[in-house]
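Please open the model in your viewer and keep the selection tool at hand, since this tour moves from one selection to the next.

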Amino acid sequence: MYTKNNILSYIKNDIHDVIILNEIDSTNNYAKENIEKLDAGSLVIAKKQLGGRGRRGRSFLSPEGGLYFSIITTADSSLCSGCFPTVVTAVSVCRAIEECCGLSCDIKWVNDIYLNGKKLCGILCESTSVNDKIIIGIGININKPVNGFSKEISDIATALSEHVNSIDSSKLIAVVYNNIMTHSPDFNIKSVIDEYRTRSFVINKDIYVLKNEEKIKAKAIGITDSGELTVEYPDKTKENLFYGDISVKLNI
Ligand code: BTN
């Protein structure tokens, strides 16, 4: 299990504060509620979340045994539009898992990290109205929940412990933090977008685009330099999808 001192021993950049909570509804909520007090560079970690949140109002199951943390940083508004922090974070998490666990992960546009075809990690970046601060929330399944994953997600979720014997969670949190902070505050994705594309496992796959209440068949054919997903519909028309209100589901 991670400790504040161990995390700090791996941190390369200046860090403002590390707050470890036993239990909270959501580290992103905690960061939002305390955003005035939390300086850029703060890290909020919870051993368990009772109301973990994902994109599009979904919940993120967060029992004890996983890593749930939020990084508070600032984002240069001229470069930080839309999904840039999410793209940088996804690449940062993949690199960290590779460094700390020797495992190569894939990215499911826009914010999910997969390992061997199953979801291992979710990312939720949220902007605030205070001094350009943004909140980067990351949830990584380290161990399976005591009673296993729930029926709804047991076929689509995985945990690191299913793939490696021992995990230094302090190092993993710190390396993710270091990787993200290298790109803050500009979050210019030029330097990582090629890696994001290479790690993407939706390109050339048949997918469903979930837009409002609609589920539309399409094929993912690329990712633009701004991180949008380019899809082609059965009538051959193409569209660049901005991540806002959309998510994709593999059509398999
Ligand atoms: C998703 O799967 O759509 C994103 C999940 C993001 C989960 C992390 S865990 C830490 C932070 N706190 C939250 O409530 N959500 C993020």
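Which atom of the ligand lies 3.2 Å from a polar side-chain atom of Thr 27? Select Thr 27 together with the ligand in this predicted model, and you will find that the partner of that polar side-chain atom is a nitrogen atom of the ligand.

Next, select Ser 26, where a polar side-chain atom lies 2.8 Å from an oxygen atom of the ligand, and then Lys 119, where a polar side-chain atom lies 2.6 Å from an oxygen atom of the ligand. With the ligand still selected, consider its surface: taken alone the ligand exposes 410 Å², and the protein buries 97% of that.

Now colour the elements α2 (27–33), β6 (118–127) and β7 (133–140), which are the ones that give two or more residues to the shell around the ligand; among these, β6 gives the most, with four residues.

Widen the selection to the 19 residues around the ligand, of which Ser 26, Gln 49, Arg 53, Arg 55 and Lys 119 come nearest. Coloured by class, this shell shows five nonpolar, 10 polar and four charged residues.

Finally, leave the ligand and select Cys 100 and Cys 101. Why do these two not form a disulfide? The sulfur of Cys 100 has its closest cysteine sulfur in Cys 101, at 5.8 Å, which is too far for a bond, because a disulfide requires the two sulfur atoms to be within 2.5 Å. By this rule the count of disulfides comes to zero. Before you move on, note that Cys 101 is buried, with a relative accessible area of 12%.

Technical notes: Residues numbered from 1 in each chain as written. Predicted model: local features only at pLDDT ≥ 70, side-chain atom pairs only at ≥ 80, totals over all residues. Heavy atoms only, no water. Buried < 20%, exposed > 50% of the residue type's maximum accessible area, 1.4 Å probe, protein only. Near = heavy atom within 4 Å. Polar contact = N/O pair within 3.5 Å; in protein donor to acceptor, adjacent residues only side chain to side chain. Areas by Shrake-Rupley, 256 points an atom, 1.4 Å probe, with all protein chains shown as cover. Nonpolar A, V, L, I, M, F, W, Y, C, P; charged D, E, K, R; others polar.
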